[in-house]
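Please work through the following exercises with the sequence and the structure at hand. Each task is followed by a stepwise solution.

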Amino acid sequence: MRKIMGGAIVLLAVLRLLARAESEPSTLPPATTPPEAAPPAVPVTTDVQGNVPQDIVGRWLAVCQVKLLSGAARPITRLFEIRQGSEHLELVQGGDVPSAVTQKLNVAANAGQAWTPAPEDLRAVDENWRALRIDPHSYAKVEYRILGSDAFPPEFAEDETTKGSQFAIALKENFAGAQAVRMTYSVFGVRDRTPTVLSGTAVISTLAVGPFPLPITLKGDFQAFRLGETPARSVLQRLSDLFSGCGRR
């Protein structure tokens, strides 16, 4: 009899435990779905060919004075940095121009006039510099090229924008397809340069999509203004300047 009573008590205890397990929430962590794999990084490359001056290293604000069919000018800006990479020069795009500078730019654009940044504008851009965020959800591929005139491909040697220039800087952005603009291609043919200003001719091509592809091409003269202090010239550069003057009359 005692054995029967003891077995009943044990069975009752087990049933109570099972009942509690069914009625109480589990203490195990809830099952979670595996996180989505991060999208692959956007390929960004810089191709450097030919005789390219090394003293263009630095940050630049390029202002292209686009000529519209109406004859009016429309200033368009691009920010980029040229820096020394592990093997050759590299180009990095800058982000947005500060709003106070953008307002001045828009006033000139709305009036159909050219715009040149004042020293305080260049300081503001320099102080607020940040690299462009190349988001894989927005960009598919970004290609930069810095080409000396001795390495121009046929399209650069023959095109009116780059023909006869000292060197060229090209920025090609392929977008991921989430927006109407699928590609932009900006080419700057540098014809003259000083330690603080690059100048020449530029073309900005855009491919947009709608009911049908819509290419847009804008051309004009440009100036790129160095941001920050002018870097000191190296001993080799100074010697080159000294001997380049020998024999001149």
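Buried means under 20% relative accessible area, exposed over 50%, and partly exposed in between (1.4 Å probe, protein chains only). The model is predicted: local features need pLDDT of at least 70, side-chain atom pairs count only at pLDDT 80 or more, and totals for chains, interfaces and linings use all residues. Residues are numbered from 1 along each chain as its sequence is written, and side-chain values use heavy atoms, with hydrogens and water left out.

**Exercise 1.** Determine which exposure class Asp55 and Arg193 belong to, and how their side chains meet.

Step 1. Arg193 has 34% relative accessibility, so it counts as partly exposed.
Step 2. Asp55, at 24%, is likewise partly exposed.
Step 3. A salt bridge (a side-chain nitrogen of Lys or Arg within 4 Å of a carboxyl oxygen of Asp or Glu) joins the side chains of Asp55 and Arg193, at 2.9 Å, N to O.
Step 4. This pair links distant parts of the chain, 138 residues apart: Asp55 lies in the loop between β1 (44-49) and β2 (58-67), Arg193 in strand β7 (residues 181-193). Strands (E, at least two residues) and helices (H or I, at least four) are DSSP runs, numbered from the N terminus.

**Exercise 2.** Decide whether Arg133 and Asp135 are buried or exposed.

Step 1. The relative accessible area of Arg133 is 62%, so Arg133 is exposed.
Step 2. Asp135 is at 16% and therefore counts as buried.
Step 3. Arg133 forms a salt bridge with Asp135, their closest N and O atoms being 3.4 Å apart.
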